[in-house]
Every structure is written in C-alpha cells, then in structure tokens.
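User: I am new to this structure and would like to learn how its features get their labels. Could you walk me through some of them?

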Amino acid sequence: ARRGGRNSASGCVGALRCSPAKPLAARVRPALPSRRRPIAVRSGEGETAGESEGSEINQLLGIKGAKVEKEDKWKVRLQLMKPVTWVPLVWGVACGAAASGAYTWTPENVAKALLCMTMSGPLLTGYTQVINDYYDREIDAINEPYRPIPSGQITETEAVIQFVALLAGGLGVAYVLDQWAGHETPVIFYEAIFGSFISYIYSAPPLKLKQEGWLGSYALGASYIALPWWAGQLLFGNNLTWDVALLTVLYSLAGLGIAIVNDFKSIEGDRELGLKSLPVEFGIDTAKWITVGTIDLTQLAVAAYVYQGLGEKWYSILIQLLVVPQVFFQFKYFLPDPVKNDVKYQGAAQPFLVLGILMTGLAVGHHNQLLAAGGL
C-alpha cells in the first residue's frame with residue numbers, strides 16, 4: 001500500500017552522520033490521526049501459538065501485524081524489503097519472456113529468467129521498499145510502528161546502507177544480464193537505471209511523486225507492469241518494439257487503477273497530510289468509478305489491439321473473458337464499500353488481471369514467432 005509521509009529527512013548523508021538514540025516511534029509526536037486501523041504492538045507475552053506464528057510470517061513478508069521484538073537482523077532486513085511486493089515484478093518478467101517469442105525451456109534460459117527475476121524482485125523492488133520506508137519513517141512511527149525503522153530494530157544508517165547495497169546489486173545484475181544476452185548496448189542496465197531513478201523520485205524529496213495523485217499512482221503502476229516486461233523481453237529477444245512498449249505503458253493504466261485501490265483506506269490521513277490521492281481529490285464515490293473504469297477500459301483496449309493490431313483473435317477473446325470476473329468482484333466487493341473491502345476485492349480480482357497480462361505477453365510472443373518465420 002502506498003504510504004504518504006512528511007518530509008523530515010535532509011537526505012542520505014544526514015542519516016549517515018546521525019542515528020537515533022532510541023526508537024523513532026518513541027520520539028515522534030503523535031499529532032496526526034492514524035491513517036490505518038490501530039496497530040496492536042505486542043510484547044510477545046500472552047500470545048497464543050497461532051498469533052505468534054502469524055506475527056512471524058507477517059514480519060517476514062513485511063505486512064501488518066508484524067512483531068517488534070528484537071529478532072535476527074536478517075529477518076528485520078527482509079521485512080524492510082517487503083517480499084510480498086516482489087510477486088508482480090517476477091510475474092512481469094515472465095510475461096516479457098513470453099512476449100519475446102524466443103524463450104525456450106533450456107537450463108540456461110531458466111537460469112537467465114531466475115536471475116532477471118532476482119534483479120526485478122528482491123534487489124530493485126527491495127531497494128524501492130527500503131528507500132520508501134526510509135523517507136516515510138516519521139509517519140510510520142504513528143501509523144505503522146511495527147516497521148523496522150520506527151520500532152528501532154534497524155537504524156537509519158543501516159537502512160541507507162541496505163538500500164545502497166540493493167541498488168548496486170540490482171544494477172550489477174542488470175549489466176551481467178546484458179553481457180549474458182550478448183547485447184552490444186546494455187539496454188537492461190539502462191532500463192534498471194531509469195526504473196531506479198523513478199523509484200527514488202517517487203519516495204524522496206523534492207519531487208516525491210507519491211504526493212501527486214495521478215502522477216504518483218501511474219509511476220507505481222508502470223513499475224509493476226511495463227518495466228519488468230521490458231526486462232524479460234529484452235533479455236530473451238531484444239525485440240522490444242515501440243508498439244509493444246506503448247502497449248505495456250497502456251497496460252500500466254490498469255496498474256494505476258490498482259494503485260488507487262490502495263489509497264481509499266488512507267483517505268483521512270492523506271487529507272491531513274495534504275497528499276493529493278485520487279480519493280482525496282475527487283471524493284470516494286467519484287474515485288471508485290474512476291478506479292474500476294481505468295482497470296476495465298484499459299484491458300478492453302488492450303484486447304482490441306491484440307485482435308486488430310496483432311491479429312491474435314483467440315488471445316483477445318481470452319483477455320476479454322478474464323475481465324468478466326473482475327467486473328463481478330467490483331460490484332460485489334469494491335463499489336459497495338471500497339474502504340472496507342479493498343483487500344477482498346484485490347485478492348479476488350487481481351489473479352484475473354495478471355492472467356490477462358500473461359495472455360497479452362503470449363499473444364505478442366506468438367506474433368513475433370510468426371514474423372520470424374515469415375508467416376506474416
């Protein structure tokens with residue numbers, strides 16, 4: 001979920017000079033109302049075995065309900081990287097590989113794909129999450145005190161070192177992938193630099209795109225759909241054309257809609273902090289229709305292009321059919337109460353969205369195969 005935050009950091013250098021003497025959650029003044037449901041910070045005493053186990057899993061995934069006791073440092077660092085957010089990027093690489101039309105199931109290609117997924121997920125998405133937590137650390141002390149920085153489990157200096165190391169690792173892997181694929185121009189490396197820059201300006205001052213409604217939500221959506229797709233297709237086919245690049249940018253509008261879904265539960269806090277989320281700007285009733293319209297119309301537009309532009313009739317029909325259950329869950333969960341049912345809606349509808357992205361990748365891949373064989 002997107003979290004807005006006040007700008008209290010002067011930058012990474014300042015963090016390296018000074019680490020907090022006590023947990024940030026104990027120092028920050030509780031002047032703002034919580035944007036989320038109250039967090040119960042447990043000490044570990046009186047927890048049932050089930051609660052303790054669930055809390056441990058939540059910590060490792062980087063989601064709500066995590067423990068705040070002293071843990072092994074590796075667990076804390078993993079929580080900071082939010083593994084639950086890696087999945088869409090890993091999936092995006094698979095869709096790009098399918099779109100290349102050149103992926104075959106050989107041990108070498110599997111190894112390439114796994115390394116590219118590692119770059120897109122644990123390394124560069126991990127970098128994005130750590131830097132986001134670093135710049136949101138004061139508001140997290142109010143709204144999500146279990147997070148590693150405000151709870152004092154990791155210092156600000158350690159967080160800076162971690163996101164710099166993840167960035168360096170991600171860029172290094174990108175360069176290795178270019179060499180492995182035989183690229184004369186290191187296109188994956190350049191893309192990794194571009195994506196990392198977007199991640200930085202999304203979270204960090206002075207731009208902090210996450211405060212800017214449409215622009216911030218679209219930057220988030222593009223990072224989840226277009227960028228990993230490009231990496232996968234460049235790795236295996238190096239045949240990313242402008243029309244396919246624009247297609248993935250268009251598909252990122254659906255990602256924008258998904259990003260807006262995450263803003264509804266934070267509307268009160270966003271309003272207090274002056275963040276221009278869509279629900280704040282337009283109100284809940286208008287924003288919820290903008291959300292579903294963006295998600296559904298984007299997919300139907302993609303299906304039309306797959307049918308007319310690529311001539312892939314059956315893939316187009318499959319993409320359209322995958323929109324139907326999404327509309328059903330929108331009327332069942334999201335539209336009646338987008339604040340209360342956001343998680344239910346995403347859990348029910350998003351599998352069909354990501355399957356549609358894969359169908360699109362397969363359609364582009366089949367089209368590229370026909371072009372290579374001279375069948376078009």
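Analyst: Gladly! Please keep in mind that this is a predicted model.

User: Let's start with charged pairs. What makes D133 and R147 a salt bridge?

Analyst: The cut-off is a side-chain nitrogen of Lys or Arg within 4 Å of a carboxyl oxygen of Asp or Glu. In D133 and R147 the closest N and O atoms are 2.7 Å apart, so the pair meets that definition. The structure holds five salt bridges. The pair of D133 and R147 links distant parts of the chain, 14 residues apart: D133 belongs to helix α6, and R147 to the loop between α7 (137-143) and α8 (156-181).

User: Why is D133 called buried?

Analyst: Buried means under 20% relative accessible area. D133 has a relative accessibility of 2%, so D133 counts as buried. Its partner R147 is at 1%, and therefore counts as buried as well.

User: What does the salt bridge between E156 and R137 tie together?

Analyst: The closest N and O atoms of E156 and R137 are 3.3 Å apart. E156 is part of helix α8 and R137 of helix α7, so this pair joins parts that are 19 residues apart in sequence. Both E156 and R137 are buried.

User: How do you know whether K288 and D285 are buried or exposed?

Analyst: Here the two partners get opposite labels. K288 has a relative accessible area of 13%, which is under the 20% cut-off, so K288 is buried. D285 stands at 54%, and exposed means over 50%, so D285 counts as exposed. Their side chains meet in a salt bridge at 3.7 Å, N to O. Both residues lie in helix α14 (residues 284-308), three residues apart, about one turn of the helix.

User: Why is W314 called exposed?

Analyst: W314 has a relative accessible area of 61%, and the cut-off for exposed is over 50%, so the label fits. W314 sits in helix α15 (residues 313-334). Together with I317, L318 and L321, W314 makes a nonpolar surface patch of about 420 Å².

User: What is notable about the backbone of K82 and N238?

Analyst: K82 has a positive phi of about 50 degrees although it is not a glycine. N238, also a residue other than glycine, has a positive phi near 45 degrees. K82 is placed in the loop between α4 (73-81) and α5, while N238 is found in the loop between α10 and α11 (242-261). As for accessibility, K82 is at 8%, so K82 counts as buried. N238 is at 43%, between the 20% and 50% cut-offs, and is therefore partly exposed.

User: Where is the cis peptide bond?

Analyst: The peptide bond from P205 to P206 is cis, with omega near 5 degrees. P206 lies in the loop between α9 (187-203) and α10 (214-236).

User: Finally, how many residues of the second largest pocket's lining are nonpolar, polar or charged?

Analyst: The lining has 11 nonpolar residues, two polar ones and no charged ones. This pocket has a volume of about 230 Å³. Its lining is made of 13 residues, of which A94, A97, Y103, W105 and A113 lie nearest the centre. Ala, Tyr and Trp count as nonpolar, so these five belong to the nonpolar group. Helices α5 (87-100) and α6 (107-135) each supply at least two residues of the lining.

Conventions
Residues numbered from 1 in each chain as written. Predicted model: local features only at pLDDT ≥ 70, side-chain atom pairs only at ≥ 80, totals over all residues. Heavy atoms only, no water. 1 Å grid on protein atoms, 1.4 Å probe; cavity = no way out; pocket = protein on both sides within 12 Å on 5 of 7 lines; lining within 4 Å. Points joined across faces, edges and corners; volume = space filled by probe spheres on them. Helix = DSSP H or I, 4+ residues; strand = E, 2+ residues; numbered from the N terminus. Patch = residues over 30% accessible without salt bridge, like charges linked within 9 Å, V, L, I, M, F, W, Y side chains within 5 Å. Areas by Shrake-Rupley, 256 points an atom, 1.4 Å probe, with all protein chains shown as cover. Buried < 20%, exposed > 50% of the residue type's maximum accessible area, 1.4 Å probe, protein only.
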